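User: I am new to this structure and would like to go through parts of it. Please answer a few questions about it.
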Amino acid sequence: MQKMKQKKIKIILLSILIPLFSFLLIEKNFLSSFSFKSSPDKSLRALNSVVELIKNHYVEEPNPEKTMEGAFKGLFDSLDVLSAYLDEDSITKFSQRKDPDLRDCGLILYKRYGSFPVVIGLRENSPAEKKGIKIGEYVSEIDNRSTLMMSMLEANMFLKDKEKNSINLEILGTNKNKKLIIERKKLFKENFSYSPLEQTSGKLKIFRLYPPCISKIEEDILPQLKSKKKPLILDLRNCYEGEIKEAQRLINLFLTEKKIGLFKKKQESTEILSCPKNAELEKLPLIIWTNRATMGPGELVAATLKKLRKARVIGLHTLGLVAKQDFIPLDNRSGVLLTSSVFYFGSGEKLWQEGIKPDIKISSNNQSSANYLKKTHDILVKK
């Protein structure tokens with residue numbers, strides 16, 4: 001009976017692996033950005049040998065489901081930092097990502113394949129900041145889950161929760177890892193905030209670019225700004241979540257343009273982005289604040305306004321992660337998120353993995369709002 005069970009497991013494992021090998025063999029140019037040091041045939045033979053070694057010599061019978069999940073995660077997570085294989089738990093988190101009532105600890109993580117996620121953003125006055133976590137520290141565990149095999153998306157999603165009021169984090173240390181229990185809470189009432197500041201038209205801070213962010217700005221903030229002439233500070237630090245359409249609407253408040261750029265897909269198919277409506281704040285001077293956690297839609301806003309509106313950017317060089325992803329559900333209640341197109345300006349200049357070079361650079365060791373204000377004041381004095 002036990003031998004029959006083991007044989008069945010082997011058959012299941014092979015039934016999963018053989019189609020995968022066949023697919024790779026047929027598609028020798030599979031994922032053209034990959035370059036095998038040896039020929040594809042040799043690489044596939046090596047892969048087959050590794051599987052045979054596991055089957056014949058590993059101390060226990062491999063778990064097909066677990067083995068393939070690990071293979072899928074490695075495959076998709078290695079494509080780029082935005083692509084990911086999502087298991088059932090991650091799918092649940094993904095479906096909740098736009099929920100305004102999610103509790104958060106205030107960290108923003110960046111993660112490359114095969115490394116621990118690093119803190120690149122820290123929301124001011126958040127529980128994580130109050131616990132003393134610093135930008136540049138590495139997170140090795142989130143709620144007793146190792147982060148090494150997580151995608152960047154998963155690492156950031158598992159920091160948040162609708163129900164749990166605290167989170168257990170392990171921070172890598174030189175001699176000893178640091179374990180922390182950090183409160184989760186709702187960090188902001190709206191997806192933006194506005195505050196007056198001397199010598200400026202105020203500071204408009206964007207937390208997340210999910211609807212109805214821009215509609216609320218148009219309703220609550222736009223009337224106050226229409227008559228102002230001093231520079232407005234657009235604070236896009238830590239703005240990494242949102243939707244491209246909402247980013248377009250924010251850009252359209254400051255400029256009118258038939259073609260701000262385009263998303264290029266495989267086979268050179270493109271999707272043109274435009275901001276056709278009358279820009280209510282077209283003449284208002286702009287100063288933009290960025291940091292490493294200005295990613296995705298927020299990064300698109302900063303890059304476009306810098307290039308086409310001549311906005312001055314103060315901050316850190318961004319990571320160049322403006323892209324669109326397609327979510328594809330799989331039969332086993334998992335799914336994959338694949339980067340399907342990346343952003344280019346109309347001039348042909350690529351933003352993907354290039355990022356935004358600031359006009360005024362902030363020291364990575366001093367990313368306080370006070371330092372950003374000082375650099376802003378220096379610009380205003382020179383004018």
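User: In this predicted model, which elements are among those that cover the buried residues of α7?
Analyst: The buried residues of helix α7 (residues 213-220) are Cys213, Ile214 and Ile217. What covers them includes two strands and two helices by name: β8 (192-195), β9, α8 (222-225) and α9 (244-252).

User: Why are Cys213, Ile214 and Ile217 on the same side of α7?
Analyst: Cys213, Ile214 and Ile217 are buried in α7. They lie on the same side of the helix because the arc they cover around the axis is only 90 degrees.

User: Which residues of strand β10 are buried on each side?
Analyst: In a regular strand, side chains alternate between the two faces of the sheet. Strand β10 (residues 232-235) is covered on both faces. Leu232 and Leu234 are buried on one side, and on the other Ile233 and Asp235.

User: Which residues stand opposite Ile233 in β9 and β13?
Analyst: β10 pairs in the parallel sense with strand β9 (residues 203-206) over three bridges, and with strand β13 (residues 286-290) over four bridges. Ile233 of β10 stands opposite Lys203 and, in β13, opposite Ile287.

User: Which are the edge strands of the open sheet with the order β5-β4-β6-β7?
Analyst: This sheet has four strands with antiparallel pairing. An edge strand pairs on one side only, and that holds for β5 (145-146) and β7 (178-183).

User: Which residue of β5 stands opposite Glu141?
Analyst: Strand β4 (residues 139-142) and β5 run antiparallel and are joined by two bridges. Opposite Glu141 stands Ser146.

Notes: Residues numbered from 1 in each chain as written. Predicted model: local features only at pLDDT ≥ 70, side-chain atom pairs only at ≥ 80, totals over all residues. Heavy atoms only, no water. Buried < 20%, exposed > 50% of the residue type's maximum accessible area, 1.4 Å probe, protein only. Pairing = 2+ DSSP bridges. Arc of directions from axis to C-beta. Contact = heavy atoms within 4.5 Å.
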